[in-house]
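Q: Could you take me on a close look at the salt bridges in this structure? I would like to see how the charged partners sit together.

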Amino acid sequence: MAKVTDMTVGTPTKLLVSFAMPMLLGNLFQQMYSMVDTIVVGRGVGVEALAAVGAAGWLDWLVLGIVMGLMQGFTILVSQRFGAEDYNGLRKSVAMSAFLAGITIVVFTTVSLIMARPLLTFLNTPQETINDAHLYISIIYCGIPVIVTYNLLAAILRALGDSRTPLIAMVIASVMNIGLDILFVMGFSWGVAGAAVATVMAQVFSCIFCFLTIRRLPVLRMKRSDWRIDGAICKQLLRLGLPVALQNGVISSGGLVVQYIVNGFGYIFVAGVTAAHKVCSLMEQAGSSFASAMGTFAGQNLGAEKYDRIRMGVRKALKITVTIAFLIAAVVIAFGRYIIRFFVSDEPEIVAQVVDAAYPFLIIMCSCLFVLYILFVYRTTLQGMGDTLIPMVSGLVELGMRIGMVLLLTSVVGKFGVYFAEVAAWIGAAILLIAAYYWRIGKICPRQKNTAQSEGKA
């Protein structure tokens, strides 16, 4: 049975680690099967197919990131209601989140499928890859109903302190996805379509598993009255969810500009950047997982009015994540070239060109990975405290920095401008989020030499 966790009492470090580790394992498995998609396509079909998956990457994140942001924002209210022990409000928040998720599914699935091909054309996708890219992203978009449902259910469980159930669902789904990838792409020769179908089918399982778990939670035994439309709660959910969704959308918009520039350098460069991005996505998961734990920690303690515990939790989360960032960077810098070679199988000179395009990207990203981890912690803490506006503005900063730097630097240093633009976006957003957090926490929790709420020091 799923286990909820009260994060308003106990040692912050222990709570954050115990909550984040299942999420980290789940995220790693999720990224692993995404990486296997890329490896199977790159080695089983070829560099052009790998470039096609990469060309569709930011379109994938544009829609799915917005959808996931909405679901994440909705469950901020769930964690706050749980922390305040308002179980009627908790059930009502879950019901209205499900109602809004249904509307999201209809709108985004329809619009995404209609706009996929025009956007790929607009992004200057190489002619060698555009048909495969369109096929791949169309199948992924057909899975939007599953993605929305899974992310809502998983976010609800995490808001209640249960990160174990999403982990189990993701581990089993990852194993399924890897097996189906190999079967569909290499066994049935379905190409990029096989990779996309395998991903959607695996996500269906994750969705069903989380749904069956939530049905067994006593705190979420819904009543008919819970499902009556409540405009006030819907507005509150949208107030929390829309800024997170817009934040992801804005970040993705900058990514689309970068993808446009990358596409202009040809499909081999696209393949190299795609492989590097997959490795970077794996590198990001530790910071993302601990940041998500911090978001739940902040939300529950805000609801319980234990504000000093939020400050304490942030300090612990930063120490843990920055240490992890440096360890990961050291490993990837040492073995990066060997890792990239796993993604491609082609003529030796082509493989060498792909590696030469990808490895400098890894070096630069690794060197500044700690900045991204810091950004994650402050962003999710602010969101957990109910402030989704500043994180959205930080997305605008990322957009401006990413677009400005990629346009400026590529005209000066060529392809290397693509690499530095990403890091510049992190730095700009991190500065804003750090300042906003200390301003907000200073207002609600002035520093005191002694506080009764500083329990559970680690």
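A: Happy to! Keep in mind that this is a predicted model. A search of the whole structure finds 7 salt bridges, and we can follow a few of them.

Let's start with a linked group. R379, E398, R402 and E422 belong to a network of salt bridges. In one part of this network, the side chains of R379 and E398 meet, with 2.7 Å from N to O. This pair links distant parts of the chain, since R379 is in helix α13 and E398 is in helix α14 (residues 389–413), 19 residues apart. R379 counts as buried because its relative accessibility is 7%, under the 20% cut-off. E398 is buried too, with a relative accessible area of 4%.

Next comes the salt bridge between R402 and E422, whose closest N and O atoms are 3.0 Å apart. R402 lies in helix α14 and E422 in helix α15, so this pair ties together parts that are 20 residues apart in sequence. R402 is buried at 1% relative accessible area, and E422 counts as buried at 11%.

E398 also has a nonpolar neighbour: W426 is in contact with E398, and its other contacts include M365, L369 and L372. W426 is among the residues with the most contacts inside the largest nonpolar core, which has 78 residues.

Finally, look at D308 and R311, a salt bridge with its closest N and O atoms 3.8 Å apart. These two are 3 residues apart in helix α11, so about one helical turn separates them. Both D308 and R311 are buried.

Notes:
Residues numbered from 1 in each chain as written. Predicted model: local features only at pLDDT ≥ 70, side-chain atom pairs only at ≥ 80, totals over all residues. Heavy atoms only, no water. Core = buried A, V, L, I, M, F, W, Y, C linked by side-chain atoms within 4.5 Å. Buried < 20%, exposed > 50% of the residue type's maximum accessible area, 1.4 Å probe, protein only. Contact = heavy atoms within 4.5 Å. Salt bridge = Lys/Arg side-chain N within 4 Å of Asp/Glu carboxyl O. Helix = DSSP H or I, 4+ residues; strand = E, 2+ residues; numbered from the N terminus. Lists of a residue's contacts leave out its neighbours within four places in sequence.
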